[in-house]
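User: Please take a close look at one part of this model, the packing of the helix pair that also borders the main open space. I would like a connected account of that part and of what surrounds it.

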Amino acid sequence: QGLMAGKRGLILGVANNRSIAWGIAKACADQGAEIALTYQGDAFRKRVEPLVAELGDRAHIAGHCDVTDPESLDAVFDGVAKKWGKLDFVVHAIAFSDKEELDGRYVETTRDNFLRTMDISVFSFTTIAKRAEPLMTDGGSLLTLTYYGAEKVMPHYNVMGVAKAALEASVRYLAVDLGGKGIRVNAISAGPIKTLAASGIGDFRYILKWNEYNAPLKRTVTPEEVGDSGLYFLSDLSRGVTGEVHHVDSGYHVVG
Ligand code: 0WD
């Protein structure tokens, strides 16, 4: 029963119960999807296990996955192939940059952190799409998370803004590559939400307040709201939509 009945999907990037990926996982499970979640290392395993238990038999853990370690990605996709034999959707909610460089000037970015940020936050989506493609035998939906700092200069977002611009371009190229197989590729550009990843961004509380005062809806968004919009992209409701970057930001992008 539900919009996601019969659909099976892999969700990467749940760190805790405030993660955007968790908002999406709940929305999909509520509509009947079966979900596999990954965690990054043992520290996150303890956080993710009780969340998976909350979803009952709708969810299971697909294992440890660090996107900088291709073997861990292979293991996760092998596991999914063995258990399900196919895949209907994948959510990529992963990004990383050195906290020291999410403050001050973009021009100071080091080569090491630039490459690492691009690897974890951009290339990972492409390599995940490549691994998902052979499993999406009835078509499918791939979804990633981006931020307005890709389009406009936002304070302290720095190298992550450059990475998100590349991620949004990847969405368009992947949409063309995979469209012939009925695989759709989209991104949600979420407004600022207080999560673990966001806590690394300098002056984040100020950014939240700024959005609250200036966004048309006069408030910030929640992981549940991003989850409900995610449901649209992962379900057949959006079957005619691909290559899209959709803002779920209380409308901030029309004024910012
Ligand atoms: O305001 C926000 N929170 C926004 C977040 C606004 C707009 C977009 N986003 C994006 C983020 O850039 C990211 O792509 O949403 C996505 C999800 O982020 P989140 O929900 O805000 O953050 P969080 O709950 O921390 O989940 C991101 C997780 C990591 O957590 P940490 O706290 O360690 O950064 O991504 C995972 C990790 O669990 N992650 C990795 N997973 C596998 N391999 C890796 C890696 N190498 N690095 C980070």
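Analyst: Helix axes are lines fitted to C-alpha atoms over the stretch in contact, and the angles between them run from 0 to 180 degrees between N-to-C directions. The model is predicted, and every value below is computed from it.

In these terms, the axes of H4 and H5 come within 10 Å and cross at roughly 20°. Angles under 35 degrees count as roughly parallel, and H4 and H5 are therefore roughly parallel to each other. Their crossing is right-handed. On the H4 side, the contact is formed by Asn113, Phe114, Thr117, Met118, Ser121, Val122, Phe125, Thr126 and Ala129. Facing them in H5 are Val159, Met160, Val162, Ala163, Ala166, Leu167, Ser170, Val171, Leu174 and Leu178. Sorted by class, this contact comprises 14 nonpolar and five polar residues, with no charged residues.

Both helices also take part in the largest pocket, which encloses about 1100 Å³ of space. Its lining has 43 residues, and those closest to the pocket centre are Ala93, Ile94, Ala95, Ala197 and Ala198. Helix H4 (111–132) and helix H5 (158–179) each give two or more residues to this lining, as do helix H1 (20–30), strand E2 (34–39), strand E5 (140–146) and helix H6 (204–214). The lining divides into 27 nonpolar, 12 polar and four charged residues.

H1, another contributor to the pocket lining, has a helix contact of its own. The axes of H1 and helix H7 (residues 223–234) come within 7 Å and cross at roughly 55°. H1 and H7 are therefore oblique to each other, and H1 passes H7 in a right-handed crossing. From H1, the contact draws on Ile20, Gly23, Ile24, Lys26, Ala27 and Cys28. H7 supplies Pro223, Glu224, Val226, Gly227, Asp228, Leu231 and Leu234. By class, the contact of H1 with H7 holds eight nonpolar, two polar and three charged residues, whereas that of H4 with H5 has no charged residues.

Enclosed space remains to be described. The structure holds one cavity of 30 Å³ or more, and the largest cavity has a volume of about 50 Å³. Its lining consists of Tyr147, Tyr148, Met154, Ser189, Ala190, Gly191, Pro192, Asn211, Asp249 and Tyr252. Six of these lining residues are nonpolar, three are polar and one is charged.

Terms used: Residues numbered from 1 in each chain as written. Predicted model: local features only at pLDDT ≥ 70, side-chain atom pairs only at ≥ 80, totals over all residues. Heavy atoms only, no water. 1 Å grid on protein atoms, 1.4 Å probe; cavity = no way out; pocket = protein on both sides within 12 Å on 5 of 7 lines; lining within 4 Å. Points joined across faces, edges and corners; volume = space filled by probe spheres on them. Helix = DSSP H or I, 4+ residues; strand = E, 2+ residues; numbered from the N terminus. Nonpolar A, V, L, I, M, F, W, Y, C, P; charged D, E, K, R; others polar. Parallel < 35°, antiparallel > 145°, perpendicular 65-115°, else oblique. Left-handed = near helix turned anticlockwise from the far one by under 90°. Contact = heavy atoms within 4.5 Å.
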